[in-house]
Structure formats: C-alpha cells, structure tokens
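These are notes for a colleague opening this entry without prior acquaintance. They are meant to be read beside the structure.

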Amino acid sequence: MINVKRDFEILWKDTFKDSEEYVRMLFDGYGNKSIIEYIEQDGKLVSAMLGLPHRFVLNANTSDILDRRVDLDVSGHCSVLYGLYLCGLSTHPAYRCQGLMGNLIKRIEQRASELGYDFIFLIPADSHLQDYYKKFGFEDAFPRWKGSLEMTATLNNLSGESDIRFNQFLRIEYFGDIESLLGNIEISENHKISRFCNEFDNLESIVQPDAVYRILRSEDEMLVVIKECFISGGGMYIARDENTTLVGIAFIYKHEGIITVYKLSAKNYYVRNSLLKRIRNDFYDKKIKIFDRSEFTDIHGEKFNAGMLKMIREGLTVSKIERIKNAELSLMLD
C-alpha cells in the first residue's frame with residue numbers, strides 16, 4: 001500500500017532535484033490546506049501534483065472605490081479571488097506519454113471548482129511546456145520584467161533634500177540565515193508572525209499598482225516563503241525608517257556567481273535605489289540580475305509572462321479576469 005505524502009515527496013525530489021529539506025518544508029508548511037491529486041499504477045504512485053491555496057486581494061485606492069471603477073463584494077469591501085497554485089507536476093519516467101498528467105489536471109480543476117476556487121494557475125518548469133498547458137485552457141499571465149543591474153549614475157548619485165533627510169534614518173540590514181532574521185523581527189517558529197505579515201502586506205499595498213490583484217499571505221504561508229529563501233541559498237534585505245517601519249525588502253538568490261534579486265519592494269524610489277546600491281556593494285564582484293514588475297531606467301532587460309492561469313468560475317467580469325492576469329508572482333514557490 002502506498003504512502004501518498006512520502007511517495008510524492010520522493011517523486012518530486014527525483015523529478016526536480018530539490019532537496020529533502022525543501023520538499024518537506026513545502027508539504028509541512030501548507031499542511032492540510034494543500035490538495036494532492038495522484039495516480040497509482042502497479043502498486044506505486046506514478047504521477048502527482050500539489051495544489052496550494054492562495055488569496056488574491058484587489059489593490060484599490062480610495063478614489064477608485066468611490067468612483068466604482070473597481071469591483072467590490074456585497075459588503076462593499078475590495079474583492080478577493082481564490083486561486084489554487086499547481087506545483088510539483090511530476091510523472092515517473094517509465095509512465096510518461098500516457099496522458100496521466102492531463103488526467104490529473106482535469107481532476108484537480110474539477111476539485112478546485114467544487115471547492116469554490118475562482119481559478120487555477122501554475123509556473124511552467126520550461127518554456128516549451130506552455131503549449132502543453134494551453135491544450136487544457138491555460139493562458140499566459142502574470143507579467144514580470146527581468147534585466148541586469150548596471151553601475152550607473154542613477155544608483156551612484158542619490159541626492160535631493162528629502163533623500164538626505166531620509167538617509168539619516170534609513171537602516172538596511174542583510175540576513176543570510178533564518179535564525180538571525182527571526183531574531184530581528186522578534187518572532188520564533190513557535191509564535192505567529194502576524195506583525196511581520198501585516199508590515200509586509202502594508203508595504204505591498206503601497207508598492208503594487210492600483211486596481212491589480214496581489215497575494216494576501218497567511219502567517220504560515222509567509223513563514224514558508226521566508227524558509228524557502230534561505231533553504232534555496234538566498235538571503236533577505238530589510239529596510240526600516242526612523243520609526244522602525246518596514247519601508248523596503250529584497251529577496252535574493254545566490255547561484256554560480258550570480259545574485260538574483262527575485263523580489264524587491266520599496267516605499268519610494270530612494271529606498272529602492274538604496275537597497276540596490278547596498279546589494280551591489282555587498283556583491284561587487286558578482287553579476288546581479290533583477291526581476292521586477294516595472295521597467296527601471298537603469299536596468300536593461302525584457303518583459304515576460306511568469307506563469308499561466310485558467311479561470312474556472314463562471315460569472316467573473318472581464319475587468320476582474322484582466323486584473324488577476326496582471327497579478328505579481330515574485331514569491332511563488334517554483
């Protein structure tokens with residue numbers, strides 16, 4: 001008799017070459033909230049996928065709400081959509097090309113629909129898989145931007161009266177392990193990280209464009225994101241002002257002499273530049289790549305779609321669908 005969780009973890013590690021620590025963190029972090037669909041043949045688990053629930057809240061400013069330019073729920077609050085993130089889609093090599101994964105996609109779509117999800121989404125492991133997922137109704141979505149950080153005057157010349165005042169109080173700290181980070185934000189794994197979640201969400205509400213959906217993470221989900229950063233060999237920069245308010249954050253990943261900034265949120269342009277300048281100074285001998293929604297004037301790169309999405313609930317307005325397609329997925333576990 002198979003052990004679904006154990007056997008799926010083994011299949012995941014063999015398929016994606018992720019560490020045992022990473023896979024266990026992912027399964028245990030989401031606990032009973034996750035959904036596993038799998039196929040058993042010849043007495044063993046041969047194909048499986050994991051569905052992780054996520055809430056997306058509409059980032060709406062007051063004027064948009066007053067002008068009714070955004071969609072509101074019946075209570076008058078900003079809309080929330082529920083998406084199921086499909087990850088770990090894997091099939092044992094000996095059982096591929098038999099339609100097993102297509103069967104699983106249809107099954108989890110049906111299950112998600114029955115549970116009340118608005119859409120399912122994923123991040124293709126390889127670009128050639130986009131055509132495969134399009135066969136099941138998935139569309140390209142979640143635009144991002146990637147480029148390389150250059151040493152330009154924009155970073156070197158941080159000036160202006162407001163910048164000088166702000167610089168007196170801006171404190172940027174780097175954390176290379178989870179213990180130092182947890183100590184800094186005054187939490188432990190035995191306590192909820194509600195304060196940090198609220199800080200991060202407040203920052204995201206400022207940074208993200210109005211009338212676009214953003215992920216609203218629970219405390220457990222935020223802790224998984226933090227753990228994933230360090231397990232994958234990364235680190236975090238945190239910027240605070242004179243009131244110790246979180247005004248900037250950057251997640252980085254270090255691999256083969258390249259520093260990838262895969263998430264950067266900053267309250268204003270000065271904080272954003274200060275974070276990038278600190279990262280560049282800390283890793284002056286490394287190539288620095290950056291992923292972000294916006295096109296920075298001092299970074300040269302290109303736009304691309306980070307993932308794919310399929311709406312499964314009927315009755316959603318066209319505006320809602322377009323807004324969710326433009327959501328930001330920089331901290332998804334892929």
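Which residues are buried in H9? The points below begin there; the model is a predicted one.

1. Helix H9 covers residues 194-207. Its buried residues are Phe196, Cys197, Glu199, Phe200, Asp201, Leu203 and Glu204. Among the elements that cover these buried residues are S2, S7 and H10, together with strand S8 (234-240), strand S9 (246-255) and strand S10 (258-266). The end C-alpha atoms of H9 are 20 Å apart, in agreement with the 20 Å that its 14 residues should span at 1.5 Å a residue.

2. Helix H10 takes in residues 219-231, 13 residues in number. From first C-alpha to last, H10 reaches 18 Å, close to the 18 Å expected at 1.5 Å a residue. Buried in H10 are Glu221, Met222, Leu223, Val224, Val225, Ile226, Glu228, Cys229 and Phe230. Gly233, just after H10, has a positive phi of about 85 degrees.

3. H9 and H10 pack with their axes 9 Å apart, at an angle of about 80 degrees. Because of that angle, H9 is roughly perpendicular to H10. On the H9 side the contact is made by Ser194, Phe196, Cys197 and Phe200, and on the H10 side by Glu219, Met222 and Ile226. By type, the residues of this contact are five nonpolar, one polar and one charged.

4. H10 also meets H2. Here the axes come within 10 Å and cross at roughly 175 degrees, which means that H2 is roughly antiparallel to H10. H2 contributes Glu21, Tyr22, Met25, Gly29 and Tyr30. Facing them in H10 are Asp220, Glu221, Val224, Lys227, Glu228 and Ile231. The residues of the contact of H2 with H10 divide into five nonpolar, one polar and five charged.

5. Which residues touch the most other members of the largest nonpolar core? They are Trp12, Phe56, Phe121 and Ile324, in a core of 36 residues. The elements that each supply at least two residues of this core include helix H1 (4-16), helix H2 (20-30), strand S2 (44-59), strand S3 (80-91) and strand S12 (299-311). As a general background, nonpolar side chains in soluble globular proteins tend to be buried together.

6. Phe56 can be followed further. Leaving aside neighbours within four places in sequence, Phe56 is in contact with residues including Val80, Leu81, Phe119, Phe121, Tyr213, Ile215, Ile324 and Leu329. Polar and charged names also occur in its contact list, among them Ser79 and Arg214.

7. Tyr85 lies in strand S3. Is Tyr85 buried or exposed? With a relative accessible area of 2%, Tyr85 is buried. Its C-alpha atom is separated by 4.9 Å from that of Leu52, although the two residues are 33 apart along the chain.

8. Two residues other than glycine have a positive phi. Thr244, in the loop between S8 and S9, has a phi of about 60 degrees. Thr244 counts as partly exposed, at 37% relative accessibility. Glu256, in the loop between S9 and S10, has a phi near 50 degrees. At 70% relative accessibility, Glu256 counts as exposed.

9. For the chain as a whole, there are 12 helices and 12 strands. Of its 334 residues, 49% count as buried. Among contacts between residues at least 6 apart in sequence, 76% join residues at least 24 apart.

How values were computed. Residues are numbered from 1 along each chain as its sequence is written. Side-chain values use heavy atoms; hydrogens and water are left out. A nonpolar core is a set of buried Ala, Val, Leu, Ile, Met, Phe, Trp, Tyr and Cys residues joined through side-chain atoms within 4.5 Å. Buried means under 20% relative accessible area, exposed over 50%, partly exposed in between (1.4 Å probe, protein chains only). Helices (H or I, at least four residues) and strands (E, at least two) are DSSP runs, numbered from the N terminus. Contact means heavy atoms within 4.5 Å. The expected span of a helix is 1.5 Å times one less than its number of residues. Axes are lines fitted to C-alpha atoms, for helices over the stretch in contact, and angles run from 0 to 180 degrees between N-to-C directions. Angles under 35 degrees count as roughly parallel, over 145 as roughly antiparallel, 65 to 115 as roughly perpendicular and the rest as oblique.
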